[in-house]
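Colleague: I've got a new model open and don't know where to start. Could you walk me through it?

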Amino acid sequence: EDKMVFDDEEKINLMLEKRKNQYASQQEEETRQLAEAAHSTIQTLQAMIQEQNETIRKKEQYCKEMREEMIRQKEMDAITIANLNEQLAGEGKQALGKLLNMAKKDTMGAHRDVFKGNVEFMSQGEVERMLFD
């Protein structure tokens, strides 16, 4: 009878050990699966971050290029404005010179009349030709 009890106790211990090993194995498998899922999630998040960083880099590069283009355009506009100012100043001096020459000339009575305010003796076209030719 003692041997039977011992055999029963031994069987119970073996069953408990087997269950314990199965439980440990099951936990190890669940832990492995969780680790794989976590690793996969981390890789996905890292890929998303890398993609976002690349998008940001491209946008920053585009902004830099646009700033540089705006600076170039501003410089070109400043040169154009300076050239136009020079041209306008030259044309203004030329027109003023012609106007002064007209005032000095006494060959046509109409010239004197223009400066006296009597422009009815001279057409607008004649005045423009005198100033701009």
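Modeller: Happy to. Let's begin with a term: accessible areas come from the Shrake-Rupley method with a 1.4 Å probe. Also keep in mind that this is a predicted model.

Colleague: Good, then what share of the area that the protein chain exposes is supplied by carbon and sulfur atoms?

Modeller: The protein chain exposes about 12,100 Å². Carbon and sulfur atoms are the ones you asked about, and their share of that area is 58%.

Colleague: And which elements do I meet along the chain, from the N terminus on?

Modeller: The protein chain has three helices and zero strands. With no strand to list, the run from the N terminus on reads α-α-α.

Colleague: How much of the protein chain is made up of buried residues?

Modeller: To count as buried, a residue needs under 20% relative accessible area. The protein chain holds 133 residues, and the buried ones make up 7%.

Colleague: Let's zoom in. Is Leu99 buried, partly exposed or exposed?

Modeller: Leu99 is found in helix 1, which covers residues 2–104. Together with Leu96 and Leu100, Leu99 makes a nonpolar surface patch of about 250 Å². Buried means under 20% and exposed means over 50%. The relative accessible area of Leu99 is 30%, so Leu99 is partly exposed.

Colleague: What about charges: which residues form the negative surface patch?

Modeller: Take Asp8, one of its members, which lies in helix 1. Asp8 has 44% relative accessibility, so it counts as partly exposed. The full patch is formed by Asp7, Asp8, Glu9 and Glu10.

Colleague: Now to pairs. How many salt bridges does the count come to?

Modeller: Side chains of opposite charge can pair when their charged atoms come close. The rule here asks for a side-chain nitrogen of Lys or Arg within 4 Å of a carboxyl oxygen of Asp or Glu. By this rule the count comes to four.

Colleague: How far apart are N and O in the salt bridge of Arg32 and Glu29?

Modeller: Arg32 and Glu29 both lie in helix 1, three residues apart, or about one turn of the helix. Arg32 is partly exposed at 38%, and Glu29 is partly exposed at 33%. Their side chains meet in a salt bridge, with an N to O distance of 2.3 Å.

Colleague: Which residues are linked with Arg32 in a network of salt bridges?

Modeller: You've just met one of them, as Glu29 shares a salt bridge with Arg32. The network takes in another acidic residue too, and the residues linked with Arg32 are Glu29 and Glu36.

Colleague: Moving along, which residue forms a salt bridge with Arg57?

Modeller: Look three residues away in helix 1, about one turn of the helix from Arg57. Arg57 is partly exposed at 44% relative accessibility, and its partner is partly exposed at 34%. The closest N and O atoms are 2.7 Å apart, and the partner is Glu54.

Colleague: Last one: by how much of the helix are Glu69 and Arg72 separated?

Modeller: These two form a salt bridge, the closest N and O atoms being 2.8 Å apart. Glu69 counts as partly exposed at 35% relative accessibility, and Arg72 does at 41%. Glu69 and Arg72 are three residues apart in helix 1, so their separation is about one helical turn.

Notes. Residues are numbered from 1 along each chain as its sequence is written. This is a predicted model: local features need pLDDT of at least 70, side-chain atom pairs count only at pLDDT 80 or more; totals for chains, interfaces and linings use all residues. Side-chain values use heavy atoms; hydrogens and water are left out. Patches are made of residues with over 30% relative accessible area and no salt bridge: like charges are joined within 9 Å, nonpolar side chains (Val, Leu, Ile, Met, Phe, Trp, Tyr) within 5 Å. Helices (H or I, at least four residues) and strands (E, at least two) are DSSP runs, numbered from the N terminus. Buried means under 20% relative accessible area, exposed over 50%, partly exposed in between (1.4 Å probe, protein chains only). Lys and Arg count as positive and Asp and Glu as negative; His and the chain ends are not counted. The place of a charge is taken as NZ of Lys, CZ of Arg, CG of Asp or CD of Glu.
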